[in-house]
Structure formats: C-alpha cells, structure tokens
Amino acid sequence: MLFVYGVLGLIPETRKFVLDSVEDQTKQVLSNMGEILKACGASYSSVVKTAIMLADMIYFKKVIEIYAKYFPSPTQARSTYEVVALPMDARIEIECIAVLQ
C-alpha cells in the first residue's frame with residue numbers, strides 16, 4: 001500500500017502555488033498526486049481512498065467537478081472536510097491511499 005499525505009497545489013520547481021484560485025490549486029494538487037503515484041508504480045486507478053481538506057466548503061462543488069476528471073466512476077472512498085487552516089494558506093490539500101500491484 002502507498003500512503004500519500006499533504007499534497008498541496010504547489011509547483012514542484014518553485015514550491016509556490018500555481019495560482020490563488022481553488023480550481024487551479026485543485027488541478028495542481030491532482031497533477032502532483034499523479035506524479036507521486038507514477039513514481040511509485042501506481043496510478044489514479046490504484047487509489048482506494050482519498051481525503052480532501054478544504055479551507056472553505058463553498059469550494060466543494062468546484063473541487064468535485066475537477067476531481068471527477070481524474071477519478072471517473074466508480075470512484076473510490078472519499079471524505080471531505082472543511083478545516084480551520086491549511087499549510088501555507090492553501091485552499092485545498094488532498095491525501096490518498098493506493099494499492100500497489
């Protein structure tokens with residue numbers, strides 16, 4: 001099993017957020033997660049559980065619309081939480097558990 005925690009919408013080369021919007025940060029988070037999964041011999045289809053932490057639940061609909069493009073149906077188990085604060089004032093953070101074959 002692979003446990004991936006604390007994925008933010010940072011550009012790996014600069015360690016800065018792609019942009020301030022939750023849409024852009026979500027796409028970058030999922031891109032970063034995809035690269036981590038790939039480096040470990042896994043893919044989005046290997047993921048069995050995700051947890052999404054949002055700075056505000058008002059972002060939920062936008063985030064899930066983007067998320068669905070990376071994790072098409074049937075989706076894995078997912079939980080979503082609104083948190084008081086995220087590292088570096090991020091809008092979103094995602095963690096996942098994947099099964100390695």
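## A partly exposed aromatic residue

In this predicted model, Phe3 has a relative accessible area of 45% and is therefore classed as partly exposed. Phe3 pairs with Tyr5, and the two aromatic rings are stacked, with 6.5 Å from centre to centre and 5° between the planes. This is one of four aromatic pairs found when the whole structure is searched.

Phe3 and Tyr5 also belong to a nonpolar patch on the surface, together with Met1, Val48 and Val99. The patch covers about 500 Å². Its member Val48 lies in strand β4 and, with a relative accessible area of 38%, is partly exposed.

## Aromatic contacts between two loops

A second kind of ring geometry appears in the pair formed by Tyr44 and Phe71. Their ring centres are 5.4 Å apart and their planes meet at 85°, so this pair is edge-to-face. The pair joins distant parts of the chain, since Tyr44 is in the loop between α1 and β4, whereas Phe71 is in the loop between α2 and β5, 27 residues apart.

The two partners differ in their exposure class: Tyr44 is partly exposed, at 22% relative accessible area, while Phe71 is buried, at 3%. Both residues are members of one aromatic cluster, which also contains Tyr67 and Tyr70.

## The two sides of helix α2

Helix α2 spans residues 60-70, and Val63, Ile64, Ile66 and Tyr67 are buried within it. Why do these buried residues line one face of the helix? Viewed down the axis of α2, they fall within an arc of 165°, and so they line one face. A general property of helices helps in reading this pattern: an α-helix has 3.6 residues a turn, so residues three or four places apart point the same way.

The buried residues of α2 pack against helix α1 (22-39) and against the strands β4 (47-54), β5 (77-82) and β6 (92-98). On the other side of α2, Lys61 and Lys69 are exposed. Lys62 is also located in helix α2, and its relative accessibility of 40% makes it partly exposed. Apart from neighbours up to four places away in sequence, Lys62 is in contact with Val22 and Glu23. The C-alpha atoms of Lys62 and Phe17 are separated by 18 Å, and these two residues are 45 positions apart along the chain.

## A buried serine in strand β5

Strand β5, one of the elements against which the buried residues of α2 pack, contains Ser79. Is Ser79 buried or exposed? With a relative accessible area of 15%, Ser79 lies under the 20% limit for burial and therefore counts as buried.

Beyond residues up to four places away in sequence, Ser79 touches Lys49, Thr50, Ala51 and Ile52. The range given for strand β4, 47-54, includes these four positions.

## Positive phi angles in two loops

Which residues have a positive phi of about 60° although they are not glycines? Arg15 is one of them, with a positive phi of about 60°. Arg15 lies in the loop between β2 (10-11) and β3 (16-17) and is exposed, with a relative accessible area of 56%.

Asp89 likewise has a positive phi of about 60° without being a glycine. Asp89 is found in the loop between β5 and β6, and its relative accessible area of 62% places it among exposed residues.

Technical notes
Residues are numbered from 1 along each chain as its sequence is written. This is a predicted model: local features need pLDDT of at least 70, side-chain atom pairs count only at pLDDT 80 or more; totals for chains, interfaces and linings use all residues. Side-chain values use heavy atoms; hydrogens and water are left out. Buried means under 20% relative accessible area, exposed over 50%, partly exposed in between (1.4 Å probe, protein chains only). The arc is that of the directions from the helix axis to the C-beta atoms. Contact means heavy atoms within 4.5 Å. Patches are made of residues with over 30% relative accessible area and no salt bridge: like charges are joined within 9 Å, nonpolar side chains (Val, Leu, Ile, Met, Phe, Trp, Tyr) within 5 Å. Accessible areas come from the Shrake-Rupley method with a 1.4 Å probe; for residues, only the protein chains shown count as cover. A salt bridge is a side-chain nitrogen of Lys or Arg within 4 Å of a carboxyl oxygen of Asp or Glu. Rings of Phe, Tyr and Trp (its six-membered ring) pair if their centres lie within 6.5 Å; planes under 30 degrees apart count as stacked, over 60 as edge-to-face and the rest as tilted.
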